[in-house]
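User: Please take a close look at the aromatic side chains of this protein and at how they are arranged. A connected account, set in the context of the overall fold, would be most useful.

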Amino acid sequence: LDDGSMVILFNTGNLLRLGHALTPRARALCSSLRAAPLSRLTVDASREQLELRWVDGLTHTFHALWLFDNCSSVRQPSSGQKQRSAASIPHDLAIESAELGDGGTLRLIWPDGQRSIFCTQWLRSAGAPC
């Protein structure tokens, strides 16, 4: 993507920071982590939670604060260390928009215009319901 989006992928527990673009390598990694494809993406009316449902019936709900806090744009490129405290995230944070992207990705836009991209299979494995 040439729109300033960020990518966060985890492979066997290690952060793979791919910068501002979903590169062919990132797309291939997301595809290699593939399990069941997603069948539904739902954002609740308050825009504070997002539900992902896979075709095999597994469902996980993620809170906007958790997603925002796990966005790679807040991580130091070489170490993956967070550059802000979770306490600095507005408590009323909402998801501006969400869509499923190419190669098993979830694309989010936040009210301040920041964009995040997550590998849906990483989210499946993270699976921490709210």
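Analyst:
**Aromatic pairs and their setting**

The structure, which is a predicted model, holds four aromatic pairs. One of these pairs is formed by F68 and W110, whose ring centres are 5.0 Å apart. The planes of F68 and W110 enclose an angle of 85°, and the pair is classed as edge-to-face. F68 belongs to helix α2, which covers residues 64-69, while W110 is found in the loop between β7 (105-109) and β8 (115-119). The two residues are 42 positions apart in sequence, so their pairing ties together separate parts of the chain. As to accessibility, F68 is buried, and W110 is buried as well; the criterion for this term is a relative accessible area under 20%.

Ring pairs also link F62, W66, F118 and W122 into a cluster. With the element boundaries at hand, F62 can be placed in β5 (59-63), W66 in helix α2 (residues 64-69), and F118 in β8 (115-119).

A further aromatic ring, that of W54, has a charged partner. The charged end of R124 sits over the ring of W54, at 5.4 Å from the ring centre. W54 is part of strand β4, which comprises residues 49-54.

Strand β4 leads to the sheet. Three strands make up an open sheet in the order β3-β4-β5, and their pairing is antiparallel. The edge strands are β3 (38-43) and β5 (59-63), each of which pairs on one side only. From one strand to the next, the twist averages 15°. In general, strands of a sheet pair through backbone hydrogen bonds, in either a parallel or an antiparallel manner. Between β3 and β4, which run antiparallel, there are five bridges. Within this strand pair, R40 stands opposite R53 in β4.

These details belong to a protein chain with three helices and eight strands. Read from the N terminus, the order of its elements is β-β-α-β-β-β-α-β-β-β-α. The chain has 130 residues, of which 40% count as buried. Its accessible surface comes to about 6,600 Å², and carbon and sulfur atoms account for 50% of that area. Of the contacts between residues at least 6 apart in sequence, 46% join residues at least 24 apart. The pair of F68 and W110, with its separation of 42 residues, ties together parts of the chain over such a span.

How values were computed: Residues numbered from 1 in each chain as written. Predicted model: local features only at pLDDT ≥ 70, side-chain atom pairs only at ≥ 80, totals over all residues. Heavy atoms only, no water. Helix = DSSP H or I, 4+ residues; strand = E, 2+ residues; numbered from the N terminus. Buried < 20%, exposed > 50% of the residue type's maximum accessible area, 1.4 Å probe, protein only. Contact = heavy atoms within 4.5 Å. Areas by Shrake-Rupley, 256 points an atom, 1.4 Å probe, with all protein chains shown as cover. Pairing = 2+ DSSP bridges. Axes fitted to C-alpha atoms, helices over the stretch in contact; angles between N-to-C directions. Phe/Tyr/Trp six-rings, centres within 6.5 Å; stacked < 30°, edge-to-face > 60°. Lys NZ or Arg CZ within 6 Å of the ring centre and 35° of its normal.
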